[in-house]
Amino acid sequence: MNSLLRLLAAMVILSSLGACASARRSEPLANSPLSLTPALARGEKVFQAHCHQCHVQGEAALGPALNNKPLPAFLLRTQVRHGLGAMPSFPESRISEDELDDLVAYVKALRKNR
Ligand code: HEC
């Protein structure tokens, strides 16, 4: 419990730091590879927070590439919820159902963009 509180405090501090870092943050980048709808933008955030470290921009890193195969949405969801091998599972307490919807849309968009 104590460590959870500390984690929450760290998140609050980090997000307040982020708030005053720069106004440029939310502007679209000129060379952004995807034109992001609001749902895709939310999906991208979820991806950056939970998947990016192992699947960099959908390319292979520690995990395999995600943008080069037509993995059906239900398999993608199963993989995220249950994990496999070195990939951890992400229960609803970490990625909500809505976030997962956006995440799946984002991963599909990564594929189309390739
Ligand atoms: C700690 C590193 C790690 C994280 C974080 C991670 N993955 Fe993975 N992922 C892996 C590894 C390793 C595999 C290969 C698993 C295996 O086949 O044993 C994998 C496999 C997958 C696959 C199956 C790909 C295939 O070729 O069959 C999908 C889909 C996937 N990950 C999606 C995600 C998504 C979406 C997230 C974020 C919610 C995520 N992963 C977070 C490491 C990770």
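This report looks at helix 2 and the salt bridges of a predicted model.

## About the model

Local features need pLDDT of at least 70 and side-chain atom pairs pLDDT 80 or more, while totals for chains, interfaces and linings use all residues. Residues are numbered from 1 along each chain as its sequence is written, and side-chain values use heavy atoms, leaving out hydrogens and water.

## Helix 2 and its two faces

Let's start with helix 2, residues 38–50. Helices here are DSSP runs (H or I, at least four residues), numbered from the N terminus. At 1.5 Å a residue, its 13 residues should span 18 Å (1.5 Å times one less than the number of residues). The end C-alpha atoms are 19 Å apart, which agrees.

Which residues of helix 2 are buried (under 20% relative accessible area, 1.4 Å probe, protein chains only)? They are L40, G43, V46, F47 and H50. They cover an arc of only 115° around the axis, judged by directions from the axis to the C-beta atoms, so they sit on the same side of helix 2. These buried residues pack against helix 4 (97–113), with contact meaning heavy atoms within 4.5 Å. The face turned away carries P38 and K45, which are exposed (over 50%).

## Salt bridges

The structure holds 4 salt bridges (a side-chain nitrogen of Lys or Arg within 4 Å of a carboxyl oxygen of Asp or Glu). In one of them, R42 meets D102 at 2.8 Å, N to O. This pair links helix 2 to helix 4, 60 residues apart. D102 counts as buried at 11% relative accessibility, whereas R42, at 45%, is partly exposed (between the buried and exposed cut-offs).

R77, R81, E97 and D101 are linked in a network of salt bridges.

Definitions and conventions. Helix = DSSP H or I, 4+ residues; strand = E, 2+ residues; numbered from the N terminus.
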